[in-house]
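Please take a moment to look over the chain shown here before reading on. The paragraphs that follow lead from single residues to the chain as a whole.

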Amino acid sequence: MSNLTVRFGSTTAVNGASFEANAGEITVLLGPNGAGKTTTLECLEGYQTPTAGSVRVCGLDPCRDRSALNERVGIMLQAGGVYTTIRPLEALELFAAYYRHPRPPEELLSFVGLAHRASVPWRNLSGGEQQRLSLALSLVGRPDVVFLDEPSAGVDLTGKELIRGLIGRLRAEGVTVLFTTHDLADLDQLADRIIILDEGIIVADGSPDELLSSASSDSFRFRAQEGLPLAALSEALGVEVVEASPGHYLVGSPPSPGLVARLTSWLAQHEILVGEIQAGRQRLESVFALLTSHAESPEESTASHSSRGTATRGASERANKRAAGRRSQGRGRGRG
């Protein structure tokens, strides 16, 4: 993907983004709500035409070469794309009929822990079970590349472990995996590479260790009461301060003795107790807050996503189009 730009009227959803995802590697797109994650996935999936720039999947154009890519790409949507009355085994058997060398439906049901729910209609499955079935459907055709939009959203702890185990298995099989998430545990357990988007721009790209190391050398964090006046504190210190999560603050400068003294002095003047000051290796949550323009943690993004029903601008308007495209994805495929 090179210099990808996507505009919707006066809104620029993705602004000159470029990256490559490699075989046998798990790449995670991370960013606050509206950062452009889903729009980027839609361009890679062929559901959205770029305004400018170039997108290639397995060397092919996702829009122009959709038929050639159908058997090589697996797609898991945020929601929808499955008939509400169909049963898990029926859905997998239907999707398997579109491919020449599908994975056995019963095997996939076992992989995602739904063998005992094989005959339950989709509409009667829990939200987490529906997510697991959607993941299984994306893997029916033994794809070379898998795009997963929030694969663990709404899934219980047991289901999340099943999903993470399956994604790890894909990596071991040499599959290219690209997914979005707001769950930090996904990053800790799975990510080989993290790409952070903010307002459509890639602001960081590297392994978890690289991102953590880069932030550790030029920032430190402290705990205090929630809701400190960040503008006044930043002005007093001469550096930016963000609230990475409630009561946890990140100071965007190395912890010199003078800076720490100014911080503690300012807090004392305002009768605010400091709970802890920490330098050294940061948490991914703190790195996220430092690199984006929002003081919103990935977990808070998840809560906001749940309340609004969408994680990115324009996703709701395009959901039906993507779901319809998924149901018809196999129409051009040969059988053998």
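Helices, of at least four residues, and strands, of at least two, are DSSP runs that are numbered from the N terminus. With that numbering in hand, and keeping in mind that this is a predicted model, the reader can place Cys58 in the loop between strand 4 (52-54) and helix 2 (66-69). Although Cys58 is not a glycine, it has a positive phi of about 55°, and with a relative accessible area of 31% Cys58 is partly exposed.

Asn3 also has a positive phi, of about 50°, without being a glycine. This residue, however, belongs to strand 1, which covers residues 2-8. The relative accessible area of Asn3 is 48%, so that Asn3 counts as partly exposed.

Another residue to find is Lys37, which is part of helix 1 (residues 37-45). What is the nearest side chain of opposite charge to Lys37, and how far away is it? That side chain is Glu150, at 5.5 Å, and Lys37, although buried, has no salt bridge. The reason lies in the cut-off: a salt bridge requires a side-chain nitrogen of Lys or Arg within 4 Å of a carboxyl oxygen of Asp or Glu. A polar atom of the Lys37 side chain does, however, lie 3.0 Å from the backbone oxygen of Gly31.

Stepping back to the whole chain, the reader will find 13 helices and 13 strands. The chain has 336 residues, of which 53% are buried, and it exposes about 14,300 Å², with carbon and sulfur atoms supplying 49% of that area. Among the contacts between residues at least 6 apart in sequence, 70% join residues that are at least 24 apart.

In soluble globular proteins, nonpolar side chains tend to be buried together. Here the largest nonpolar core holds 49 residues, and those that touch the most other members are Leu92, Leu148, Val177 and Ile194. For Ile194, once its neighbours within four places in sequence are left aside, the residues in contact include Val28 and Leu30, as well as Leu187, Ala204, Asp205, Gly206, Pro208, Leu211 and Leu284. A second core, separate from the largest one, is made up of 24 residues, among them Tyr47, Val57, Leu69 and Val73.

Methods: Residues numbered from 1 in each chain as written. Predicted model: local features only at pLDDT ≥ 70, side-chain atom pairs only at ≥ 80, totals over all residues. Heavy atoms only, no water. Buried < 20%, exposed > 50% of the residue type's maximum accessible area, 1.4 Å probe, protein only. Lys, Arg positive; Asp, Glu negative; His and termini not counted. Polar contact = N/O pair within 3.5 Å; in protein donor to acceptor, adjacent residues only side chain to side chain. Contact = heavy atoms within 4.5 Å. Areas by Shrake-Rupley, 256 points an atom, 1.4 Å probe, with all protein chains shown as cover. Core = buried A, V, L, I, M, F, W, Y, C linked by side-chain atoms within 4.5 Å.
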